[in-house]
Amino acid sequence: IVRETLQDIIARARDRQDAGEFDPRRSPLYQRLLVVTGAPRSGTTWLHQMLAAHPDVATGGESHLFCEGLSALFANYDDPDPYMHLSTWVPRAELLGLARQLADGIFGTAIATQRPDATRVLDKTPNHAGHAAEHEEVYPDAAVVHVVRHARDVVGSQRDLWAQWDAEAANWT
């Protein structure tokens with residue numbers, strides 16, 4: 001026997017949207033995440049390497065966690081089709097909490113396996129700049145550095161790198 005229609009389930013899910021609050025202070029990594037972002041070839045790797053040399057910092061390099069992972073969950077959640085998205089399953093605050101748990105688990109593993117005494121974890125992913133809104137929702141307590149380099153210098157650096165790759169590829173044959 002069907003007790004509820006799909007419309008009833010969706011309506012109930014919408015009613016719970018504000019039921020709970022996401023509290024980043026409950027996270028074991030509260031105020032411990034450092035984020036470096038910016039255009040590729042803008043100096044993000046250089047800054048990442050300098051910060052990673054500090055004994056209080058653990059890092060795994062580029063996680064792509066938001067640009068290739070969590071952003072898909074948030075896009076699904078925000079899908080306008082009421083029958084095809086996560087908002088009928090969980091309230092946004094709960095999704096934020098689950099996303100934070102996943103990210104904390106990944107970043108926490110970096111600390112545990114690389115520098116157990118580290119007080120900070122560093123994520124350097126230039127592509128996260130395009131997902132700053134989701135990143136800010138999940139980690140409003142993160143310290144973020146957005147590296148800005150003049151566009152001509154970025155393009156020149158990319159051109160030089162690609163020319164180097166072309167020269168190396170020519171030697172392969």
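# Pocket, core and chain contacts

The lining of the largest pocket is made up of two nonpolar, three polar and six charged residues. The model is predicted. The space inside this pocket comes to about 160 Å³. Its lining draws on two stretches of numbering. The residues are Glu21, Phe22, Asp23, Arg26 and Ser27, together with Ala93, Glu94, Gly97, Arg100, Gln101 and Asp104. Phe22 and Ala93 are the nonpolar members, since Phe and Ala count as nonpolar. A probe the size of a water molecule, rolled over the atoms, reveals where empty space is left.

## Overall layout

The protein chain has six helices and four strands. Along the sequence they run α-β-α-β-α-α-β-α-β-α. Of its 173 residues, 39% count as buried. Contacts reach far along the sequence. Among those with a separation of 6 or more, 82% join residues 24 or more positions apart.

## Aromatic pairs

How many aromatic pairs are there? The count is two. One joins Phe66 and Tyr139, edge-to-face, with 6.4 Å centre to centre and 75° between the planes. That angle is over 60 degrees, so the pair is classed as edge-to-face. Phe66 sits in helix α3 (residues 65-77), while Tyr139 sits in the loop between α5 (132-138) and β4 (143-147), so the pair ties together parts 73 residues apart in sequence. Phe66 and Tyr139 are both buried.

The other pair is Phe107 with Tyr139. This one is tilted, at 6.1 Å centre to centre and 55° between the planes. Again, distant parts of the chain are linked: Phe107 belongs to helix α4 (residues 92-114), Tyr139 to the loop between α5 and β4, and 32 residues separate them. Phe107 is buried, as is Tyr139. Phe66, Phe107 and Tyr139 make up one aromatic cluster.

## Nonpolar cores

The largest nonpolar core holds 24 residues. Which residues have the most contacts inside it? They are Leu33, Phe74, Phe107, Val121, Val138 and Tyr139. Two of these, Phe107 and Tyr139, also belong to the aromatic cluster. The elements giving two or more residues to this core are β1 (33-38), α3 and α4. Helix α4 gives the most, with eight residues.

Leu33 shows how the core is knit together. Leaving out residues up to four places away in sequence, Leu33 touches Phe107, Val121, Asp123, His135, Tyr139, Ala142 and Ala143. There is also a second, separate core. That core has six residues, among them Leu34, Val36, Leu122 and Val147.

## Four single residues

The table sets out location and accessibility for four residues.

| Residue | Location | Relative accessible area | Class |
|---|---|---|---|
| Gln31 | loop between α1 (6-15) and β1 | 47% | partly exposed |
| His64 | loop between β2 (57-59) and α3 | 19% | buried |
| Gly105 | helix α4 | 38% | partly exposed |
| Arg115 | loop between α4 and β3 (120-124) | 28% | partly exposed |

Most residues other than glycine have a negative phi. Gln31 has a positive phi of about 60° although it is not a glycine. His64 has a positive phi too, of about 55°, and is not a glycine either. Are these two buried or exposed, in whole or in part? Gln31, at 47%, is partly exposed. His64, at 19% relative accessibility, counts as buried because the cut-off is under 20%.

Gly105 and Arg115 each have a C-alpha partner from far along the chain. For Gly105 in helix α4, the partner is Pro28. They are 77 residues apart along the chain, and their C-alpha atoms are separated by 9.3 Å. Gly105 is partly exposed, with a relative accessible area of 38%.

For Arg115, the partner is Asp56. The two are 59 residues apart in sequence and 7.8 Å apart in space, C-alpha to C-alpha. What does Arg115 touch, not counting residues up to four places away in sequence? The list is Ala52, Ala53, His54, Pro55, Val57, Ala58 and Ala110. Arg115 is partly exposed at 28%.

Notes
Residues numbered from 1 in each chain as written. Predicted model: local features only at pLDDT ≥ 70, side-chain atom pairs only at ≥ 80, totals over all residues. Heavy atoms only, no water. 1 Å grid on protein atoms, 1.4 Å probe; cavity = no way out; pocket = protein on both sides within 12 Å on 5 of 7 lines; lining within 4 Å. Points joined across faces, edges and corners; volume = space filled by probe spheres on them. Phe/Tyr/Trp six-rings, centres within 6.5 Å; stacked < 30°, edge-to-face > 60°. Buried < 20%, exposed > 50% of the residue type's maximum accessible area, 1.4 Å probe, protein only. Core = buried A, V, L, I, M, F, W, Y, C linked by side-chain atoms within 4.5 Å. Contact = heavy atoms within 4.5 Å.
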